[in-house]
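Got the viewer open? Let's take a walk through this model, one selection at a time.

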Amino acid sequence: MEEVEPRLKELLFPSIADIAVLSVDVNIEIVRVEAQCTTVGAACPGCGAWSTGVHSSYLRFPADAPSAGRRVVLQLRVRRFRCRNTMCARRTFVEQIPGLTGRHGQRTERLRSILAAVGLALAGRAGARLASVLGVSVSRSTVLRLVDALPEPEVPTPRVVGVDEYATRKGRHYGTMLVDVETRRPIDLPPDREASSLAAWLGQRPGVEIVCRDRAPFFAEGAAAGAPQAVQVADRWHLWHNLSEAAERSVAQHRRCLRVLTPAASQPESEPETVPAPGPVRVAMADRPPFRRPDSGPARSRPCPAGGWTQLRSVQRQLGMSWHTVKRFADAAKPEELFTGQWQNRSSVLDDYKPYLDDRWNEGCTNAWKLWEEIVPLGYTGSYQRVRACLHDKRTSPRPVTARPPSPRAVAGWILRHPETLTEREQLQLKAIRTHCPGLDALTHHGDSMPPELNAHLLNTDPPAHTRLRRLVNSAFTKPRTEQLRQSVQTATDQLLDQLAARGGHADIVADLAMPLSLTVISNLLGIPENDRPDFRSWTDTLLSPAPDAAVQSRKAMREMHRFLAELIDRKRDVPGDDLLSALINEHTHQDGPRLSRAELVSMAFLLLFGGYHNSASLISTTVLALLSHPARLAAVRSGKLAMDRGTEEALRWNSPAMLAVRRFATQDMQIGDAAICKGERVWLAWASANRDPGQFVTPETFDPTRDTRGHLAFGHGPHYCPGASLARLENQIAVTSLVCRFPKLSLIGPVSKLQWTTSLRNRSLRELPVSM
């Protein structure tokens, strides 16, 4: 036994010193461990004086952490010592084993910490259920009490604080909730929502940089007074809440337009003179008289005297009802006017199927069971009794019972939700409402940066839809087809250079060459009429404008561009031409069935027109800038020692027109460097950064057309590689070579550092490139 005891102590109490295991008794339900402390004395908890004088001893039975599903109970022999300090208020005290027992504790410290951790993770009820599975019988209140006894953690000063109110009694008592927005953890719960309390709290934490709050004025005043250095912003939930309320109010103003979803009720030829007795209807709780005991005196309802009451106040006092309730009964001309409680006209699971029931009723089918069997396969989940009650109303009512129109809140939800989350029935209902109500149609598109039809292009699709669209476009941008355009590109370039030569002096390469040439080439390819090209250039400039009001103007430009492309497609469908857009329309109306939807046609035209115009123009201007800022490379191009195709590839790598790839979404959790990317998150790949990666290119900041540029990503990679890359290369080679050879004295006006760039998240291009001819 002397050899076993140290091993038992090491096994049962590995981190606790000064304890000896005397015996272990194990049965099917419980493990009893007899132990005692081995120290000679103990320190008084009151004064700290050491004492070895034993007063008495007794047994304690604290519960310990379970073992193999069995409860573990310790049988500890603890001693009571005398305190020898005459100045101490304690005469005796009980020894405690550090790390194992505490004063008045029914559980060991390690079991206490386990239950507190479970409570922190799951709270009371769920924590108690998990503890019982682990072999510890404990109530939810005990779990919460253990959590409440934990010391308050040290909370660092948050950088972003969220402020909102909570109600301890709704409409009466409110407090303030403070949350660390970055860690999403509550910080503090002040008992009121006064500005002074918030200001005092923020004043003690000068590190707060951002205060995220709602529209409450007292929060605004408190944040301004307590943290004047912090920026005040609106939190996401209140922004969405405010938007939903505004949308619901707007829909409510067009309530009559919602009736388009309900069939018109046929009026009976003659109205009956008698009013049928109403069926049992649930009345609102607020409209019912208060419940009183039968012996509660005058509040009890009594029959009206023969002479009747002439004053409502007298009736109120006699019946013990409120004055408004008595007046409502007195003003009612018939019983139906009293049925206006909160349970009237509520939505039902049968509402969506009432049009079907009306149609079948009008066809002569009046069997409730048969109709119930018919609508169950359609998705109805209610009971047969509800269908029978609906048909009973149709039998007894002189007017047909039809489905009620959707509520303004439901329609506002359809408008605010993403179209892909709506059911097919909801989409059809929203479409019918928008068709009959221009106001709600405008509300649906309000705030959209791009009409929905402009989003159905190649960049926003994945296989197999992307493969089908890409196959139709690739045929127009093969190298042989692109080479057929060489003569037309050269002719357009020579015409623009002739205009520059005739004018002489100074010129702007962006406005006088790059943009007109790119717009001419892509417009000829797609079949855009010449008189419409200036409008498209204006819309594109608006979309790329960095002006403060660009968002509003961009939405307007998008709508106008969408309208223009839709009308152009309609015209070319009637009068096709020898161009790419007419060929795509022919695919749309193919004899085997439509290969391109109308939305895909409009979106494809937008993508080709926008990308073929702006990106090609940016490439031409940045290539000219690269050559003019590197005279040795410019001389090599003029002498023919440097082929312009290599200069084009290096210009694409050195200063890519497109900064970012198309948006992608992570299909699984991953780690890239120090960044953790969760499944479903949006990911943007930076082409411009990849093209200047020192691991791929030596001295990437240097413009060197002689380098090996294979691997640059200016035109993308993989399935989303730019289909018009060959046309952009051809335009750049012809335009830049013709320009520098036509004007041998071409030079920049002013330093490169003074040039202005149009920058956005996706694109980077020169606003102007002034040169001397």
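Start by selecting P516: with a relative accessible area of 18%, P516 is buried, because anything under 20% counts as such. This is a predicted model, by the way. P516 belongs to helix α18. Now show what surrounds P516: leaving aside residues up to four places away in sequence, P516 touches L496, V510, A511 and R537. Add T493 to the selection too. P516 and T493 are 23 residues apart along the chain, and their C-alpha atoms are separated by 9.2 Å.

Next, widen the selection to all of α18, residues 509-526, and bring in α26 as well. How are two packed helices described? By the angle between their axes and the distance between the axes. Here, α18 and α26 pack at about 140 degrees, and their axes are 11 Å apart. That angle makes α18 oblique to α26. If you turn the view to look at how they pass, the crossing of α18 and α26 is right-handed.

Which residues do the touching? Show the side chains of I509, L513, L517, S518, V521 and L525 on the α18 side, which meet L727, E731, A735 and L739 on the α26 side. Color them by class and you'll get 8 nonpolar, 1 polar and 1 charged for this contact of α18 with α26.

Keep α26 on screen, residues 725-742, and now select α24, residues 644-654. The axes of α24 and α26 come within 9 Å and cross at roughly 115 degrees. The two helices, α24 and α26, are therefore roughly perpendicular to each other. As for handedness, α24 passes α26 in a right-handed crossing.

Zoom in on the contact itself. From α24, pick M644, D645, T648, E649 and L652; they meet R729, N732, Q733, V736 and T737 of α26. Coloring by class again, the contact of α24 with α26 has 3 nonpolar, 4 polar and 3 charged residues.

Now head to the other end of the numbering and select V21, which sits in strand β1. Is V21 buried or exposed? V21 is buried, with a relative accessible area of 2%. Put V33 on display alongside V21: the pair are 12 residues apart in sequence, and 7.2 Å apart in space, C-alpha to C-alpha.

Step back a little to D18, in the loop between α1 (4-12) and β1 (19-26). Check the backbone here: D18 has a positive phi of about 60 degrees, although D18 is not a glycine. At 43% relative accessibility, D18 counts as partly exposed.

For another backbone stop, jump to A123. Where is A123 found? Look in helix α2, which covers residues 109-134. A123 has a positive phi of about 70 degrees, and A123 is not a glycine either. With a relative accessible area of 38%, A123 is partly exposed.

Finally, zoom out and show everything. The protein has 26 helices and 22 strands, and buried residues make up 37% of its 773 residues. Switch on a surface: the accessible surface of the protein comes to about 45,400 Å², and 53% of that belongs to carbon and sulfur atoms. If you can draw contacts, take those with a separation of 6 or more: 58% of them are between residues 24 or more positions apart.

Terms used:
Residues are numbered from 1 along each chain as its sequence is written. This is a predicted model: local features need pLDDT of at least 70, side-chain atom pairs count only at pLDDT 80 or more; totals for chains, interfaces and linings use all residues. Side-chain values use heavy atoms; hydrogens and water are left out. Axes are lines fitted to C-alpha atoms, for helices over the stretch in contact, and angles run from 0 to 180 degrees between N-to-C directions. Helices (H or I, at least four residues) and strands (E, at least two) are DSSP runs, numbered from the N terminus. Angles under 35 degrees count as roughly parallel, over 145 as roughly antiparallel, 65 to 115 as roughly perpendicular and the rest as oblique. A crossing is left-handed if the near helix is turned anticlockwise from the far one by less than a right angle, and right-handed if clockwise. Contact means heavy atoms within 4.5 Å. Ala, Val, Leu, Ile, Met, Phe, Trp, Tyr, Cys and Pro count as nonpolar, Asp, Glu, Lys and Arg as charged, and the others, Gly among them, as polar. Buried means under 20% relative accessible area, exposed over 50%, partly exposed in between (1.4 Å probe, protein chains only). Accessible areas come from the Shrake-Rupley method with a 1.4 Å probe; for residues, only the protein chains shown count as cover.
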